[in-house]
Amino acid sequence: MKLKLDIDPDIVAMMQAEVTAGESAVTAAMREAGTGLKSAWRLQITGAGLGPRLANSIRSQNFPRSGESLDAAALVWSKAPVIVGAHDTGPLIRSKDGFWLAIPLPAAGKSLRGGRITPGEWERRRGLRLRFVYRRTGPSLLVAEGRLNTKGQAVVSRSKTGRGKVTAPIFLLVPQVKLPKRLDLARDAERAVDGVPGLIVASWVEQRF
């Protein structure tokens with residue numbers, strides 16, 4: 001017995017049209033899912049009071065960068081992964097040298113490099129020595145003898161009589177700090193993944209009709 005199979009050119013064209021529609025639908029769905037996840041993470045970060053600058057560190061990229069594919073994908077990430085990750089996990093922070101974490105108080109002021117000032121930088125800038133004060137209850141302190149300026153920061157006292165001179169707490173000393181968990185990025189990521197099939201179907205149907 002001899003069989004002969006002839007493929008209708010119209011069927012081939014229809015199959016190719018379906019593949020093309022599928023590529024377009026998957027690519028569009030992944031693009032929408034990636035953009036949606038980026039927006040959700042940014043909204044979480046600003047909603048947690050972490051500011052727009054950190055929120056804008058969330059970026060997304062679609063693959064392929066051009067064209068359409070059944071293997072299309074979207075990548076969403078942060079350009080500040082350490083900071084975002086810390087707020088997402090709520091880690092326990094300890095001193096690198098195994099001693100104390102120095103937490104600056106209002107009298108310490110700000111670092112010239114941005115962020116929190118360290119005891120070493122504070123002493124170099126203020127020209128004052130910090131003194132350790134042990135407290136049996138509550139965190140121990142690093143204090144300085146000086147005066148408070150109009151900003152409430154400790155500075156060198158120029159008074160010969162000692163007028164206005166105070167012992168100002170500059171740093172709190174604690175062995176460790178538990179950073180509160182302020183984000184739940186996995187929740188939004190799971191929602192984005194779960195929504196992809198529906199996005200593909202919706203885009204595919206839209207193109208056919």
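In this predicted model, the side chains of R191 and D188 meet in a salt bridge, with a nitrogen-to-oxygen distance of 3.8 Å. The two residues lie 3 residues apart in helix α5, so that about one helical turn separates R191 from D188. D188 also forms a salt bridge with R187, for which the closest N and O atoms are 3.5 Å apart, and R187, D188 and R191 are thereby linked in a network of salt bridges. The members of this network are covered to unlike degrees: D188 is buried, with a relative accessible area of 8%, whereas R187 counts as partly exposed at 33% relative accessibility and R191 counts as exposed at 56%. Side chains of opposite charge can pair when their charged atoms come close.

A search of the whole structure finds 6 salt bridges, one of which joins D88 to K181, the closest N and O atoms being 3.6 Å apart. This pair links distant parts of the chain, since D88 belongs to helix α3 (residues 81-89) while K181 is placed in the loop between β9 (176-178) and α5, with their positions 93 residues apart in the sequence.

D88 is also in contact with L183, whose other contacts, once neighbours within four places in sequence are left aside, are Q44, I45, A48, L50, V84 and H87. L183 is itself part of the largest nonpolar core, which has 14 residues and in which W41, I45, L50, L54, V84 and L183 have the most contacts. Helices α1 (9-47), α2 (52-55) and α5 (185-208) each supply at least two residues of this core, and the greatest contribution, of 3 residues, is made by α1. Apart from this core lies another, of 13 residues, among them A107, L128, A144 and F171. In soluble globular proteins, nonpolar side chains tend to be buried together.

With regard to the protein as a whole, 5 helices and 9 strands are present, and their order from the N terminus on is α-α-β-β-α-β-β-α-β-β-β-β-β-α. Of the 209 residues, 31% count as buried, and the accessible surface comes to about 14,400 Å², of which 58% belongs to carbon and sulfur atoms. When contacts between residues at least 6 apart in sequence are considered, 61% of them join residues at least 24 apart.

How values were computed. Residues numbered from 1 in each chain as written. Predicted model: local features only at pLDDT ≥ 70, side-chain atom pairs only at ≥ 80, totals over all residues. Heavy atoms only, no water. Helix = DSSP H or I, 4+ residues; strand = E, 2+ residues; numbered from the N terminus. Buried < 20%, exposed > 50% of the residue type's maximum accessible area, 1.4 Å probe, protein only. Contact = heavy atoms within 4.5 Å. Areas by Shrake-Rupley, 256 points an atom, 1.4 Å probe, with all protein chains shown as cover. Core = buried A, V, L, I, M, F, W, Y, C linked by side-chain atoms within 4.5 Å. Salt bridge = Lys/Arg side-chain N within 4 Å of Asp/Glu carboxyl O.
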